[in-house]
Amino acid sequence: MKITFDWIQDHLKTNLKEKHLLKQLTNIGLEVESVESLSVDNELLKIAKIIKAEKHPNADRLKVCDVDVGEKEVKKVVCGATNAREGLITIYAPPGAIIPKTKTKLTTAKIRGVTSYGMLCSEYELNLSEESEGITELSTKYRKSIGKSYFSKSKSNLIDLSITPNRPDCLGVRGIARDLAASGFGKLLELKEKKIKSKTKQTLKIKIKKEKNQGCNAFGSCLITNVKNTESPQWLKDKLISIGQKPISAIVDITNYVMLDINRPLHAYDADKIEKDIIVRDSNSGEEFTALDNKNYKLDKGMCVISDHKGILGLGGIIGGTRSGTELDTKNILLESAYFDPKSIRNTAKKLNLDTDAKFRFERGIDPLSIESGLNRAALLIKEICGGEVSKIDIQETKVYKNQTIKFDTNLFEKISGFKISTKKMIKILENLGFKTKKDKKYLKLTIPSWRPDISQEIDIVEELVRISGYDKIETIDPIKKRFKSTLTQTQKLFHFLQRSIASKGYLEVITWSFTDSNYNNKFKGDKKEIKIVNPISSELGVLRNSIFSNLCMSLSKNLDRGFKDISIFEIGPIFEGPNPGEQSTVVCGLSAGKKNRLSWIDDERNVDVFDVKRDVVQTLVEAGYNSDKFFIDSETPNYYHPGKSGRLFLNSGKDQVAAYFGEIHPNIIKVLDIKTESLVGFEIFLDNLKIPKKTLNDQKKIFQFSDYQKSERDFAFIVNKDVSSQDLINAISVVNNKLISNIRVFDVYEGENIPENKKSVAISVTIQSSEKTLTDNDLEKINKLIIETVENKTGAKIRS
Amino acid sequence: MSDLKKIKDEFILKLKNKSNLSEINQIKSDLFGKNGLISLQFKKIGTIADSERKKFAADLNGIKNELQDLISLKIIEIENADINEKLEKEKIDITLPERAFVRGRIHPVSQTIDEISSIFSEIGFSVEEGPDVENEYNNFTALNTPDNHPARDMHDTFYLDEKKQKLLRTHTSPVQIRTMLKDKPPFKIIAPGRTYRSDSDQTHSPMFHQVEGLHIDKNINMGHLKGCLNYFIKEFFEVEKIKMRFRPSHFPFTEPSAEVDIGYEIKDGKIVIGEGDKWLEILGCGMVHPNVLKNVKVDPVKFQGYAFGIGIDRLAMLKYGINDLRAFFDCDYRWLNHFGFDPLDVPTNYRGLSR
């Protein structure tokens, strides 16, 4: 909502200055978004006429124009607009002027070899409208004003307010003035409303059809005959220009003015183009009409339309049609002032994807009692400026508006706000806002003003009182430093632990979208189903991610393309399994690319490999408190991993839920996604599958015990089939004697010469120690034998002699 | 001069001139070996007249000890010289690079979430979570934003079905609903998380982060709200003074509602928080609307309290001088290294939130 202090003062008597106004507006909840000085900057922008427009000698799309700017000398201006033509009256900005939209200062410039002295401006560049095609076209009436400043010399700045959707009343200057007055910023001036005194009847018959959910329940109108639509008088033009609107013609300007001043949207029809009566009704399915935005709309059933016997004239409260629009030669006008239901307006506008000023206002709720005053204001102004005869006002109503009342417990104010004001003060504030009040013990019986559709319960009254009293009156109560419950749950603690644990292993944490490109997602979704977003921001972000790998691969590629080679990144966040709330799980997902020890003078360079990520995963889980002795690992992994070089990790051999996958990314995927790296490995840790122990880490610990008796290390080399895993061997050994065997470690794996085909040699070091005595050679020999026997029996291994 | 004296002088001289271990060992055996000069003298003791024997033995022992000590010293001296010579030869160029190390980073948003949680933890808030995919009811209707409410226009929503029943949450406020439906009052929670709006330009990204706050109890009023946020902002920005402004606003799920601005100025191209005459909006808040409480079966006559929603990314930008919101999700290796945090930098109250 754009206003000026000048305009505010049409409704408010105050001695305070503009800087106070700005502060006060924000203080009462009418946030000042920006303040622009129009007058000073814009004084240089002048009304000018193109005398000659010729093609630019060096550019097909440019023109060189001779422009009359009211000075002796004609200005040469290079212009790219297609509508730049001889005789056009437009707006000229000389070198030194600042273009309102872009805030850039113009200089004399050579454009393709021709010097341009200034510029001809589009409406967009002047902040007059969103129209950026072509330069501004002014009517021929401006020819007398060539050389004069287009914008008025008002000293008032343009103030842009952000009005919250609950305050339709403040979409009119008067509403803003009323709020200001209630807050003590001045006195609200009474509207001296003149009424139409007419003996002529409104002869056009209006009917609101009785339909269920009819969006219009009151339609006021009057006929104005024999008008002469003309240019608006200077005061009106200045007013509109002062808030950045472009004057069009008196009738349009007047309806706009009344709307901006008291938030009463009106619509003017060319009465001669209306076929017999006006019927307000629901649309039929498939009905069409051309709106004033020159677009054709096909309607659904049940949209509120204004029609005549020939068809639709307009969408009530949203946009009028071209067929009955007023033009400069319009003689007879039907002026409409109606009430449309906000819901109905919103539904229709949403379905048709239409946004207009009227729609914006009606969907927030227009004062139902402003029908008559709107007609009075506008009709009398039209008569004054355009002449003609005004008829009596006709109002059709299907529902009579009644002011709502509310019983307000005055104690609620302090209970919510934490501070006190007297009932007397409450009454004063509310009455200044337009409420009628009646005191009844601790209650106030309030009648809600018709322009405040946002108020329906007691809490709304508290809001009004706090807002107008000022939020600075709320005293600050310091918080109490007391905790009733631990801040984080065990799962949340684990989340933060894993996050920092992975990062501490050299991974950079990234945050990527929860959605992704379905082409990438398909590579990593495994057996999950794709979840489409109905209205994605772009097709590359069209699905919820089934895995974090898709986004990580994209990010990795970007960084590889930047010339970085050895990169480790990870993300901890949601992946999605279905389109319903809760069908998601938390995953820590990482990628590591390139080499270890690249260009090292001391260590051998090598590709990152599966055992690097295996270490990262296992170490992280161990750090998080899980016992690696119990881990069970096999090679069943999803298809985006290298089938031979990847693993699946369970926290124990019960294999109930996968704790993690790790491995090389499938070479086909690397190829298809064109990831340019020597080696790419990744992992996924599934947070939701990690069992949270009931006991704390501290409670899980056994009593601290250790053995001082001598330990001995024995090495074994077994020949086994290739498909026997080292885990099988270790498991076999560990059950031999868990009291004596304290550590088992694979230290060599060998295939090739001297080993039969399909076999491998695995060398294992076993630490044997008793907590009771020093073991004798005999004891050791016994356990050695047992180890060999057990392994041979269980795995088909043969001890290597 | 006696034989003994002669032997002594001769070998002291010899020892002086020798510089390697095998020569010393030769001397050692020349003196103390089976037929060594000193050994021979010891064998002579029996043949010496009684009157002189005592003195001879004493002299011999003295010389033996003296020479042995000298030899030991000499050996140590030579060994030291050898080691020193060896170490001197082993000298390397210590300015060569160390073995490669990698350094991980924590994303500024994660760090900021930890900072926020740490601050609210001090004043008794616990952390709640909710799903990213929400139903229309929790995201809007339960929050007093029925269909056809113009406030819905401010949330450009991503939908997952044509009926617009399932969506990506546009704010963290549905966690309020879930929390209150799940438990009984009082409630004192924060809920940080991902939020989504189909909006993308210089200052908006389709995904961003919010932290929701909710405190419901008997007699929690706007003064508590002001106190809580005042405390949070001061702690978060780690400044002594902070200029803060509460101004009225509107959200369907709170009433009265407020927006909070903090004062700032631009110094040398960087934002300085807490000073200056410019205002920056950083959060929205208010007293939870009675309609919302009714929707979650909490009696608004008995219980009341406040809620707030803060943009986490924005806070991180302000605190750490990051200009571009979109860079947060760009995953640029250089940016992550520049703005990321060391994983050991866990924000805590006693060490301070940041270094």
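These legends go with a few close-up views of a predicted model.

**View 1. The largest nonpolar core and its best-connected members.** This core has 248 residues, and four of them touch the most other members: A:Leu120, A:Leu335, A:Ile382 and A:Ile569. Pick A:Leu335 and look around: leaving out residues up to four places away in sequence, A:Leu335 touches A:Ser221, A:Cys222, A:Ile224, A:Leu266, A:Ala268, A:Leu375, A:Ala378 and A:Ala379. Another core, of 15 residues, lies apart from that one, and its members include A:Leu729, A:Ala732, A:Ile744 and A:Ile787.

**View 2. Where chain B meets chain A.** Chain A puts 82 residues into this contact and chain B puts in 67. On chain B, several elements chip in with at least two residues each, among them helix 5 (108-122), strand 6 (244-251), strand 7 (254-267) and helix 11 (333-339). Helix 8 of chain B gives the most, with eight residues. Sorted by class, the chain B side comes out as 32 nonpolar, 21 polar and 14 charged residues.

**View 3. The two domains of chain B.** The domain assignment splits out domain 1 (3-90) and domain 2 (108-339). Going by C-alpha atoms, the centres of these two domains of chain B sit 90 Å from each other.

**View 4. A look at B:Lys267.** You'll find this lysine in strand 7 of chain B. Is B:Lys267 buried or exposed? B:Lys267 counts as exposed because 10 other C-beta atoms lie within 10 Å, and the cut-off for exposed is 12 or fewer. For a sense of distance, try B:Asn20: 247 residues from B:Lys267 along the chain, with 73 Å between the two C-alpha atoms.

Definitions and conventions. Residues numbered from 1 in each chain as written. Chains lettered and ligands numbered in written order. Predicted model: local features only at pLDDT ≥ 70, side-chain atom pairs only at ≥ 80, totals over all residues. Core = buried A, V, L, I, M, F, W, Y, C linked by C-beta atoms within 7 Å. Buried ≥ 20, exposed ≤ 12 C-beta atoms within 10 Å, placed from the backbone. Contact = placed C-beta atoms within 7 Å. Helix = DSSP H or I, 4+ residues; strand = E, 2+ residues; numbered from the N terminus. Nonpolar A, V, L, I, M, F, W, Y, C, P; charged D, E, K, R; others polar. Domains from an automatic or database assignment.
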